[in-house]
Amino acid sequence: MKKISVFTYLALGVTLIIAMIGCQSKPSLLSVDTFDETGNAQVILSSPIPDIIAEQAILGYVGKTCEYKNEKDECQGVKLLVLGRGLSVDQVVPSKLIGTLIIEIDKESKTLIVGIPFDKEMRELDPRNFMEFFVDHEDVKRSIENWFLSFYGSDAQLLGWDNDSYGRDHIKRHLYENL
């Protein structure tokens with residue numbers, strides 16, 4: 001019987017520890033609560049969005065809303081665009097909802113909720129409500145519209161904007177419909 005060296009055991013141990021750390025560092029889309037204790041949406045950041053007039057814009061999914069309904073095993077959950085600073089992919093960010101963009105693609109309505117980090121240190125914009133965002137941040141609003149219309153292509157049409165309550169209701173509807 002062949003003896004295993006101490007170095008082999010150490011290498012296996014280090015590999016196991018690295019694997020465990022890697023598994024723990026990325027939040028599961030289904031393990032993060034939808035809302036935190038103060039009612040802010042919990043967003044798992046996934047995709048930086050370039051060319052939007054904000055220091056950072058990262059698209060993510062609201063916790064516990066992901067479903068995997070396509071062959072690529074991609075999340076089909078509620079999307080939320082977080083505008084802020086100091087954000088990174090796979091980070092969970094409690095977010096204050098500030099508006100909801102509604103686009104039609106091939107006669108199907110797509111909803112994109114927009115939010116800012118609850119943590120004021122991570123905010124670049126600080127609107128108190130939807131109306132303040134809508135009126136005071138026209139450049140950011142237009143930048144978001146243009147980016148998503150371009151992303152979805154010539155079949156996409158802007159239906160308009162709605163307030164943060166519409167976004168919250170959209171999240172709740174999604175959860176209820178997918179029980």
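Visitor: Where does Asp-36 lie?
Guide: Keep in mind that this is a predicted model. Look past helix α1 (6-25) and before strand β1 (41-48). Asp-36 lies in the loop between α1 and β1.

Visitor: Which side chain of opposite charge is nearest to Asp-36?
Guide: Asp-36 is buried, yet it has no salt bridge. A salt bridge needs the nitrogen and oxygen atoms within 4 Å, and the nearest side chain of opposite charge is 7.6 Å away. That side chain belongs to Arg-168.

Visitor: Which backbone nitrogen does the side chain of Asp-36 reach?
Guide: The Asp-36 side chain has a polar contact with the side chain of Thr-38, at 2.9 Å. Asp-36 also touches Gln-42 and Pro-94, leaving out residues up to four places away in sequence. As for the backbone nitrogen, the side chain reaches one at 3.0 Å, and it is that of Gly-39.

Visitor: Which residues touch the most other members of the largest nonpolar core?
Guide: This core has 23 residues. Elements giving two or more residues to it include β3 (79-84), β5 (108-117) and α3 (138-152). Those touching the most other members are Ile-52, Leu-81, Leu-83, Phe-133, Ile-144 and Phe-148.

Visitor: How many residues are in the other core?
Guide: It lies apart from the largest one, and among its members are Ile-58, Val-62, Leu-80 and Leu-97. Its residue count is 14.

Visitor: Is Ala-156 buried or exposed?
Guide: Ala-156 is found in strand β6. Beyond four places in sequence, Ala-156 touches Ile-103, Glu-104, Ile-105 and Leu-149. Its relative accessible area is 14%, and the cut-off is under 20%, so Ala-156 is buried.

Visitor: How far apart are the C-alpha atoms of Ala-156 and Ile-103?
Guide: Along the chain, Ala-156 and Ile-103 are 53 residues apart. In space, their C-alpha atoms are separated by 6.6 Å.

Visitor: What separates Lys-141 and Glu-138 in helix α3?
Guide: Lys-141 and Glu-138 form a salt bridge, with their closest N and O atoms 3.6 Å apart. Lys-141 is buried at 2% relative accessibility, whereas Glu-138 is partly exposed at 32%. Because they are three residues apart in helix α3, what separates them is about one helical turn.

Visitor: Which residues are linked with Lys-141 in a network of salt bridges?
Guide: Lys-141 pairs with Glu-138, and also with Glu-145 at 3.6 Å, N to O. Glu-145, in turn, meets Arg-142 in a salt bridge at 2.5 Å. So the chain of links can be followed along helix α3, where Arg-142 and Glu-145 are three residues apart. Linked with Lys-141 in the network are Glu-138, Arg-142 and Glu-145.

Key. Residues are numbered from 1 along each chain as its sequence is written. This is a predicted model: local features need pLDDT of at least 70, side-chain atom pairs count only at pLDDT 80 or more; totals for chains, interfaces and linings use all residues. Side-chain values use heavy atoms; hydrogens and water are left out. Helices (H or I, at least four residues) and strands (E, at least two) are DSSP runs, numbered from the N terminus. Buried means under 20% relative accessible area, exposed over 50%, partly exposed in between (1.4 Å probe, protein chains only). Lys and Arg count as positive and Asp and Glu as negative; His and the chain ends are not counted. A polar contact is a pair of N or O atoms within 3.5 Å; within protein, one must be able to donate a hydrogen and the other to accept it, and residues adjacent in sequence count only if both atoms are side-chain atoms. Contact means heavy atoms within 4.5 Å. A nonpolar core is a set of buried Ala, Val, Leu, Ile, Met, Phe, Trp, Tyr and Cys residues joined through side-chain atoms within 4.5 Å.
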